[in-house]
Each structure stands twice: as C-alpha cells, then as structure tokens.
Amino acid sequence: MKHARIGIIGGTGLGDVLAKEAGCETLDVTTPFGPPSSAPVIANWEGMDVAFVSRHGPGHKLIPSRVPYRANIWALKQLGVSAIIASGATGSLREDIEPGHLVLCDQVIDKTFRRESTFFDEGIAVHVELSEPFCPQLRELLTEAGKRLSTTVHHAGTYVCMEGPQFSSRAESHMHRQWGGDLIGMTCMPEAKLAREAELCYALVALPTDYDCWRPPAPDRAQEELLREIMGNLRQATDNAILLIREALRLMDGPLPPCRCREALKLAIWSDKRLIDARTLERLEPLIGAYMTDNNGGPA
Ligand SMILES: [Zn+2]
C-alpha cells in the first residue's frame, strides 16, 4: 500500500489543490470503523508525501456529528502518517480575531455529546494525557511558517467545540466568551483526541469566517449579503491555510523530531495487559501492539 508522512484533514478547497498535484492517487481504504469520510488522496506536495481526507466527504454531505472521526484517523494511521495538520471553519469570539485570519489553536473546550470519541471503548481502559491537546512541536513549525505569510496568524487560541449542527444562541455565545473561548467550531473534537490515542501529532489551523452572534451585525445588512461575505471569508481563509501548510511542509526537512504525542500510550494503558483478551488485542493491534510485549510501562 502507498504511504504518506503527513496527513491533512480539511475542506474541499484543500483537496482541490492536492488533486492538481502530479501523480496524485485516490486510495480505497477501509478501517474497522467503516470507511473514512472520503477516499484518501495521496500526493507529493512540496516534496512531502501527504494524504488528504475531506472531512465532510464529497459534496459536503456529512454534518459534524456524523463525520466518521475514528475511521478518518485510523485510515491516516494505516497509511503511515505520523502527523496531521487539520483545518476547519470557525466563528470568532474575539474582536481581534478577524474573519480571514488564521489561528493555531492551543486549547479546546469539548462540548460534543453524540460522537464516538475513543478507540478504547471495550476490553481495555486507556487514559491518554490531553493537557496540551494540540501538538506543541507542530504548532511551533506552523508558527514559523506563518511568519512567511502576509496574513495575520494567531499563535494561540481556545477552540470551543459544540455539537451543532445549529449555531449558538446569543446567550451561549456570551457564555463561551466568558469561559475563555476564542473560537467556536464543530469539528476538532473528537478528532484531536483520537489523533492523540493513535499517537499522531495533530495541529489545527482554524479558519474564522465571521464573528459569532455575540457581536450583532450592522442592522442594515441583508442576510444574503452576510452569507456571501462568510463564504468569501471562508475562501480567503482556505487560501491562506493552503499557503501556510505549504510553507510548513517546506520547513519539514528530514524525519520529524521525536514528540510526546507519538508515545502517548506509553503510560496510558491502565488495564492489566495479561488480562486483555485476544479479540481486543487483534482489533487494536495497530495502536497498542508496540506496548503488549511486556507488562511494564503502564499504571496497571
Ligand atoms: Zn507531537
């Protein structure tokens, strides 16, 4: 099977760019959690083998609650990816985070409640550390890449992930601001959690497309006009994200340096490894296989 080093999860704008790369190939991948949102596209971009998954699938038909997050992460892991750069549209909860800017999120508040959010739901208890939910190394690399762009790139931000698909009420929007949220979105969870469980570095480039409803629009603006503006901001932010990822790939010279994300399970398996049944071991082998040779290393 084809291999890639970097995974990219995002919208169609990103996919379209990769699809134009010479030698790009679409792969038919299946996982124990069903098929990914879209067949991964493998391409050599800026000298790097990357695998792209369109989060909402062809034609943007999957709502955030229905995205097969586990299959997407598993598929990228299966393709040999060790780091994921994801992007996603968000609303801004801060005056200084303007539509069209980019934000390299460093924290998240997870409000989602109807999504499969772990690979370890049966036969084994695994508790990964998540105090830094986004890979600090990858964020640093993207920050460095951002310096080469003319657009504003915020180096930190707290992403509030809501279930959706409806947007927030104004009271909720004010509450999210009081919580310390900088952005509101619907997709980075459980994606970031699952990437950590799969021992993949994961960074998110958030694309603010508009201000969330805490900041009322000018009363004379028509709804249609606002929507057109949001779509325009999304296109602009996507173009900026493409430039940012392109620069980041150029900076990745040689193998990625060691990172804690890629040994996230080392101390996270709480079950007595001698008592984990064969079916569970076989099912989760790509994730836990390396830790099953002895009974050391975990709290059990
Ligand atoms: Zn990392």
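1. Let's start with a pair of strands. In this predicted model, strand S3 (residues 41-45) lies antiparallel to strand S4, and 5 bridges connect the two. If you would like specific residues to look for, try Ala 43, whose bridge partner in S4 is Val 50. Val 41 is another good place to look, as Phe 52 of S4 stands opposite Val 41.

2. The link between these two strands is worth a glance as well. S3 and S4 make a hairpin, with 2 residues between them. In that turn you will find Glu 46, which has a positive phi of about 55 degrees.

3. S4 also has a partner besides S3. Strand S1 (residues 6-10) pairs with S4 over 5 bridges, and here the sense is parallel. To find this pairing on screen, go to Gly 10, which stands opposite Ser 54 in S4.

4. S3, for its part, is joined to strand S2 (residues 25-26) by 2 bridges, and these two strands run antiparallel. Glu 25 has Ile 42 of S3 as its bridge partner.

5. How enclosed are S3 and S4? For S4 (residues 48-54), 6 of the 7 residues are buried, so the strand is largely enclosed by the rest of the structure. S3 is likewise largely enclosed, because 4 of its 5 residues are buried.

6. Moving along from S4, have a look at Pro 64, found in the loop between S4 and helix H2 (69-78). Is Pro 64 buried or exposed? Its relative accessibility is 9%, and since buried means under 20%, Pro 64 counts as buried.

7. Who are the neighbours of Pro 64? Setting aside residues up to four places away in sequence, Pro 64 touches His 56, Tyr 69, Arg 115, Glu 163, Met 186 and Thr 187. There is also a link across the sequence to point out: Gly 164 is 100 residues from Pro 64 along the chain, yet the C-alpha atoms of the two are separated by 7.1 Å.

8. Now for a residue in a helix. Ser 173 belongs to helix H4 (residues 170-178), and its relative accessible area is 0%, so Ser 173 is buried. What does Ser 173 contact, leaving aside its neighbours within four places in sequence? The residues are Leu 93, Ser 168, Asp 212, Cys 213 and Trp 214.

9. Finally, turn to a pair of helices. The axes of helix H3 (residues 136-146) and helix H6 (residues 223-251) come within 8 Å and cross at roughly 110 degrees. Angles of 65 to 115 degrees count as roughly perpendicular, and H3 and H6 are therefore roughly perpendicular to each other. Their crossing is right-handed.

10. Which residues bring H3 and H6 together? On the H3 side they are Leu 141, Leu 142, Glu 144, Ala 145 and Gly 146, and these meet Leu 244, Glu 247, Ala 248 and Leu 251 in H6. By type, the residues of this contact divide into 6 nonpolar, 1 polar and 2 charged.

Key: Residues numbered from 1 in each chain as written. Predicted model: local features only at pLDDT ≥ 70, side-chain atom pairs only at ≥ 80, totals over all residues. Heavy atoms only, no water. Buried < 20%, exposed > 50% of the residue type's maximum accessible area, 1.4 Å probe, protein only. Pairing = 2+ DSSP bridges. Axes fitted to C-alpha atoms, helices over the stretch in contact; angles between N-to-C directions. Parallel < 35°, antiparallel > 145°, perpendicular 65-115°, else oblique. Left-handed = near helix turned anticlockwise from the far one by under 90°. Contact = heavy atoms within 4.5 Å. Nonpolar A, V, L, I, M, F, W, Y, C, P; charged D, E, K, R; others polar.
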